[in-house]
Amino acid sequence: MTTTINFRDKHLETIFTKVQNGERLSLEDGLAMYATNDFISLGKMAHYVQQQKSGDAVYFVLNRKIEPTNICVLSCKFCDFATKKGKPNAYEMTTEEILSKLSDELHEVHITGGMPADWEWERYLNILRDIKKHFPNIDIKAFTAIEIDFFHKKFHLPIEEVLRQLVDVGLRTMPGGGAEVFSERVRRLLFNQKIGAKVWLDIHRTAHKMGIPTNCTLLYGHIETLEERIIHLLKLRELQDETNGFLSFIPLAFQPGDTNIKPRSQYTSAIDDLKTIAISRLMLDNIPHIKAYWVMLTEEVASVALNFGADDMDGTVGEERIAHDAGAISPMKLAKEQIVKIIRDAGKIPVERDIYYNPLNIFSENVIGKIPYLNATPFYNSMEKQQFKILPIAPRRMGELAKKNQIDAGLFSLVDFLQQENSFELLNGCIATRDQVKSVMLFSNFVWEDLQGKKIGITDETATSVQLLKVLLEKKYKVKAQFERMHSGVNDYSKYDAVLLIGDTALQAKHHNYFGYELVFDLAKEWYEWQKLPFVFAVWAMKKNLSGEKKETLKVILQHSMENGEDNLETIGLLHGKAIGLTKEEIVEYLQGFNYHLGEREKEAMKVFKFLMEREREKVVE
Ligand code: V47
């Protein structure tokens with residue numbers, strides 16, 4: 001994708017060259033970006049990265065924020081929300097009150113609050129248990145690192161045990177609050193009873209290692225310096241390199257309220273908010289999503305942020321106290337229709353998501369799905385989209401949205417294509433291997449023959465690779481294993497005898513010590529040695545019911561971008577590949593290992609696989 005920016009600030013031009021080459025930005029780069037007056041170019045740079053990561057998608061979740069109590073043992077200077085027991089504004093919600101705020105249409109509940117001295121551990125566990133019992137479809141994002149540390153000390157449980165017990169009763173992810181600014185100077189002045197950077201980061205590291213994805217935040221616009229803000233971002237980036245467990249970053253604009261830290265009316269400026277969003281997107285090259293939290297930014301600033309690097313609006317929220325007690329002027333909740341309108345007006349695809357960022361529904365026409373892995377970049381790199389918008393989406397989810405008629409065309413996982421063959425028209429593009437794939441891998445503690453009865457964790461992202469694994473196990477090696485679907489995001493792999501991983505995660509394996517497994521098998525290589533055929537992982541297809549004009553446009557777009565992509569394999573995957581830790585040579589070699597045209601041998605391979613897979617299913621039915 002080529003982007004031309006007419007820079008007025010030459011510093012930014014140098015930084016943008018680094019960004020386009022997939023090089024990391026430094027503390028000095030961060031400060032130069034804050035210092036710039038070339039605000040629009042900064043936004044365009046961030047939007048470039050946003051497009052690479054999220055295409056035209058902007059996410060939101062139907063959620064509800066719940067703060068079960070505002071009674072807190074801490075007295076942080078910047079917090080207008082917390083109070084002491086017995087004060088007139090103090091409240092404690094019963095489980096019934098909490099449940100009364102939820103409904104079946106929600107997909108996420110976000111729970112954080114004060115830390116009272118007299119609540120029992122069981123009370124917290126019961127809140128989560130009761131929510132799951134009454135609303136099994138609502139996923140729970142709960143408790144900041146501050147609260148986890150409080151539970152650990154108060155109830156004399158190791159951090160791992162606190163998290164394990166919470167996961168057992170339904171915790172899925174953790175919010176990013178409580179990070180404030182990782183500066184000892186600021187901590188001493190504003191929140192000296194709170195945990196500092198080290199403990200906050202350690203708790204998130206532990207959560208990630210246990211398979212709990214989390215978010216991260218920065219509270220800015222009070223007494224911190226710009227340097228402290230950037231150092232904060234660098235520390236988050238460092239942990240993400242290690243664990244890959246952060247889903248999103250949320251810059252929280254300080255609401256002055258009655259805190260006496262700043263005059264009541266001195267909100268952060270829109271320019272500062274937008275610069276912070278843009279700089280976060282550029283510095284945090286390894287965090288998938290940047291949230292424009294409209295509650296603290298206001299709806300207006302959040303709308304602009306969607307073209308300044310942010311790709312997530314958080315959600316409907318329902319009722320929020322922390323920011324509003326400190327004078328936030330945004331509404332208490334937003335209706336789904338309002339969020340959809342804001343995102344559409346920004347020229348993006350409104351994507352309703354679940355807690356792990358899996359798309360559930362999209363509210364836009366003319367959408368092309370994009371497999372978000374390195375091997376798909378040759379198709380999309382220089383795609384002239386015309387009237388279409390691009391939605392990056394894991395293959396299995398793309399199949400689900402196509403079933404609901406929400407996607408016009410895309411690179412579909414083979415099994416999804418075969419299941420919906422009657423409503424699809426094939427285009428001339430595919431991802432087929434020659435003799436290996438390198439990115440559909442089984443990491444295992446056992447050789448194939450010994451996997452009989454063993455527990456294999458399988459990626460949530462594809463049906464095709466899972467079917468290929470089953471065919472290999474049952475037809476080639478004559479063994480039957482047990483499968484358990486993992487969630488997207490970080491997982492605790494130590495629970496499994498083997499795991500099937502695909503895409504960029506599989507490609508990054510060597511940086512993660514092969515996830516602790518001794519053996520690694522390439523599924524396409526196993527297939528090739530057995531069948532002497534390529535394996536077709538995905539095919540380009542469009543919906544049959546599109547207008548003739550749209551179909552023509554899609555054919556032309558695809559043909560152009562394929563020609564361009566194949567001529568430029570040296571450069572196209574660079575940014576993407578470097579972001580996942582590959583060298584230029586590794587990227588080119590990897591991309592050259594695929595065949596992108598659907599020829600006769602590929603069609604033959606599809607037939608053979610379909611036959612083997614159907615035989616497998618018949619056997620299961622018998
Ligand atoms: O940790 C407290 C901040 C945070 C003020 O993870 C204040 O998805 C501004 O973390 N002005 C809680 N901010 C909110 C939070 C959050 C919000 C939305 C989504 C997610 C997520 C997380 O609010 C606290 C603190 O840093 N805060 N007081 C104030 N006066």
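Visitor: Which residue stands opposite G315 in β9?

Guide: That's V61. Keep in mind that we're looking at a predicted model. V61 closes strand β1, residues 57-61, and β1 runs parallel to β9, joined by two bridges.

Visitor: What is the strand order in the sheet they belong to?

Guide: Go across the sheet and you read β9-β1-β10-β11, four strands in an open sheet with mixed pairing.

Visitor: Which strands stand at the edges, and why is one side of each left without a neighbour?

Guide: Look for strands with a single partner. Here those are β9 (312-315) and β11 (359-362), so each has one side with no neighbour in the sheet. On average, neighbouring strands here are turned by 30 degrees against each other, ignoring direction.

Visitor: Let's move on to domains. What does the domain assignment give?

Guide: Domain 1 covers 10-361, domain 2 is made of 363-434 + 536-603, and domain 3 spans 440-533, according to that assignment.

Visitor: How do I read the contact between domain 2 and domain 3?

Guide: Start with distance: their C-alpha centres lie 24 Å apart. Each of the two puts 21 residues into the contact. Then take the area: about 1700 Å² is buried between them, with carbon and sulfur atoms giving 56%.

Visitor: How many salt bridges cross that interface?

Guide: Three, by the rule used. R397 also forms a salt bridge with D460, with the closest N and O atoms 2.7 Å apart. The polar contacts between domain 2 and domain 3 come to 11 residue pairs.

Visitor: Which element supplies the largest share of domain 2's side?

Guide: α17, with three residues. At least two residues each come from α17 (395-403), α18 (414-419), β21 (536-543) and α25 (584-592).

Key:
Residues numbered from 1 in each chain as written. Predicted model: local features only at pLDDT ≥ 70, side-chain atom pairs only at ≥ 80, totals over all residues. Heavy atoms only, no water. Pairing = 2+ DSSP bridges. Axes fitted to C-alpha atoms, helices over the stretch in contact; angles between N-to-C directions. Domains from an automatic or database assignment. Contact = heavy atoms within 4.5 Å. Buried area = accessible area lost by both parts, 1.4 Å probe. Salt bridge = Lys/Arg side-chain N within 4 Å of Asp/Glu carboxyl O. Polar contact = N/O pair within 3.5 Å; in protein donor to acceptor, adjacent residues only side chain to side chain.
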